[in-house]
Amino acid sequence: MSEHLGKQGIGHLVLERDRVAERWRSWRWDSLVANGPAWHDRFPGSEFDCPPEAFAGKEEVADYLAAHAEKVGAPIRTGVEVTKVRKHEGRPGFHVETSDGTIDAHFVVSATGAFQKPIIPALVPESAGFAQLHSSDYHNPGQLPEGAVLVIGAGSSGVQIADELNRSGKQVYLAVGPHDRPPRSYRGRDFCWWLGVLGLWDAVTPPAGAEHVTIAVSGAHGGHTVDFRQLADEGVTLVGRANEFDGTRMRFGTDLKANIDGGDANYLGMLDAADEYIERNGLDLPEEPAAREIIADPACVSAPILELDLAAAGVTTILWAVGFGNDYDWLQVDAFDEGGNPQHQRGVSSEPGVYFLGLPWLSRRGSSFIWGVWHDAKYLADQIAIQRAYAEYRPPA
Ligand SMILES: Cc1cc2nc3c(=O)[nH]c(=O)nc-3n(C[C@H](O)[C@H](O)[C@H](O)COP(=O)(O)OP(=O)(O)OC[C@H]3O[C@@H](n4cnc5c(N)ncnc54)[C@H](O)[C@@H]3O)c2cc1C
């Protein structure tokens, strides 16, 4: 946002309560690497130091963001929390209260991210005696107590954490909901490239019922396709969605097989779309028939566990990888719907002068990813420039 405002010559200030890229530094597990290769998950004007096909580590991503901020001369004040934003009464602009004084602003861009408040559903009471943590507090297997782990949520975070815990020798149960699981690469091209040429990053409508589609992808170990059956073959016990806890036993949905099959359909659908694209455009990309081989259902899928006495199964930790919620208590303006969700069109909110950036599906599927944010920010800087021009307009005397 700062880069684009700077290019438009619009004076601005960026307030960050922690450090630049704090969430990449402290809200991600130690071994996390970017989901997309370095050539893709980046801003157009800055490249990563690593090879373009590599998956940057989380510290490399944070350093990259900090270096980009310096490169574009972003006027950032770190360690400053915004505590309240209110519309001025009887005049344009906003009154901004911060941990370091107040500020008058003509425009406010809320760029507090898509992943603001870790969600831990109230399913298992603290008194049940399990260690419970959110994926954003997970750093490495050594941090967890001895014993088995139930990982709930099998998007990119849950599936990678379950894999890491399993490789570390822990017994792991993984509750799998509906998901997409695109091939990491197909016929020599990464899935980021395929989503791009097939126009899927630009999809504007979220799939029904999905605010943020769970896409199970991984750049770990050089990047590989997420394959739940293979995870099971390697020792992870797959279960359906965790639905109920009665004080001792967790009940899982009967949806495991349907979720795995749905993931396969998404996977195979992308191979079909890629083949069709290659055919229509006469591209010379190597055939990859092995990509269509699906391994047999493991026992945990064909005869799933529907109920598990957690303590008897040795589970000591429940790790929630079910995503994040909003935290907009500080933004006290008319920009939210009845459910408290941002009300906007492509980031232009229903409160004139307030803009949102970085939200899932802000303008399209790519909107909550590093490269997608850049394009949305460009659009919003244009909108702010347009509004400034109206505000500054004075008819000839
Ligand atoms: C586990 C995980 C892995 C991901 N991997 C990738 C990936 O590989 N590639 C990719 O493109 N994207 C990835 N993402 C998405 C990633 O979060 C975004 O791409 C990008 O980093 C979001 O940037 P942001 O600035 O919008 O939000 P954030 O990085 O969340 O930054 C928001 C900032 O706002 C600050 N803030 C919040 N409230 C206030 C306040 N009131 N006052 C002052 N400051 C405040 C926070 O401290 C924070 O630093 C991943 C997300 C997660 C959760």
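1. The residues of the shell around the ligand divide by class into nine nonpolar, seven polar and eight charged. The model is a predicted one, and the points below should be read with that in mind. There are 24 residues around the ligand, and those that come nearest are Ala34, Gly113, Gly358, Phe369 and Ile370. Three elements give two or more residues to this shell: β1 (14–16), α2 (22–26) and α9 (370–392).

2. Next, the chain as a whole. Its secondary structure comes to nine helices and 21 strands. The radius of gyration is 23 Å, close to the 21 Å that the globule rule gives for 397 residues, so the protein chain is as compact as a globular protein of that length. Along its principal axes the C-alpha trace spans about 80 × 60 × 40 Å.

3. Two further figures describe the packing of the chain. Of its 397 residues, 34% are buried. When contacts between residues at least 6 apart in sequence are taken, 65% of them join residues at least 24 apart.

4. How is the chain divided into domains? The domain assignment gives domain 1 as 2–116 + 324–392 and domain 2 as 124–320. Domain 1 is thus written as two stretches of sequence, and domain 2 as one. The centres of the two domains, taken over C-alpha atoms, are separated by 29 Å.

5. The two domains touch. On one side, 18 residues of domain 1 take part, and they are in contact with 21 residues of domain 2. The side of domain 1 that touches domain 2 is made up, by class, of nine nonpolar, six polar and three charged residues.

6. Helix α7 (256–281) deserves a point of its own. It has 26 residues, and from its first C-alpha to its last it reaches 38 Å, close to the 38 Å expected at 1.5 Å a residue. Which residues of α7 are buried? They are Leu256, Asn259, Ile260, Gly263, Tyr267, Met270 and Ala274. An α-helix has 3.6 residues a turn, so residues three or four places apart point the same way. The cover over the buried residues of α7 includes β11 (185–186), α5, α6, β13 (237–239) and α8. After α7 comes Gly282, with a positive phi near 60 degrees.

7. Pro289 lies in the loop between α7 and α8 (299–302). Is Pro289 buried or exposed? Pro289 counts as exposed because it has 6 C-beta neighbours inside 10 Å. Its C-alpha atom is separated by 39 Å from that of Ile318, although the two residues are 29 residues apart along the chain.

8. Two residues may be checked for their backbone angles. Most residues other than glycine have a negative phi. His221 is not a glycine, yet its phi is positive, about 55 degrees. His221 is found in the loop between α5 (191–197) and α6 (228–233), and with 12 C-beta neighbours inside 10 Å it counts as exposed. Trp361, also not a glycine, has a positive phi of about 60 degrees. Trp361 sits in the loop between β21 (354–356) and α9. With 18 other C-beta atoms within 10 Å, Trp361 is partly exposed.

9. Asn166 belongs to helix α4 (residues 156–167). Why does Asn166 count as buried? Asn166 counts as buried because it has 21 C-beta neighbours inside 10 Å, and the cut-off for a buried residue is 20 or more. Leaving out residues up to four places away in sequence, Asn166 touches Val172, Glu234, Gly235 and Val236. From Asn166 to Tyr379 there are 213 residues in sequence and 44 Å in space, C-alpha to C-alpha.

10. Tyr64 is placed in helix α3 (residues 58–71). With 24 C-beta neighbours inside 10 Å, Tyr64 counts as buried. Which residues does Tyr64 touch, not counting residues up to four places away in sequence? They are Ser46, Phe48 and Ala56. Tyr64 and Glu126 are 62 residues apart in sequence, and their C-alpha atoms are 39 Å apart in space.

Technical notes
Residues are numbered from 1 along each chain as its sequence is written. This is a predicted model: local features need pLDDT of at least 70, side-chain atom pairs count only at pLDDT 80 or more; totals for chains, interfaces and linings use all residues. A residue is near a molecule or strand if its C-beta atom, placed from the backbone, lies within 6 Å of it. Helices (H or I, at least four residues) and strands (E, at least two) are DSSP runs, numbered from the N terminus. Ala, Val, Leu, Ile, Met, Phe, Trp, Tyr, Cys and Pro count as nonpolar, Asp, Glu, Lys and Arg as charged, and the others, Gly among them, as polar. Domain bounds come from an automatic or database domain assignment. Two residues are in contact if their C-beta atoms, placed from the backbone, lie within 7 Å. The radius of gyration is taken over C-alpha atoms; the globule rule is 2.2 Å times the number of residues to the power 0.38. The expected span of a helix is 1.5 Å times one less than its number of residues.
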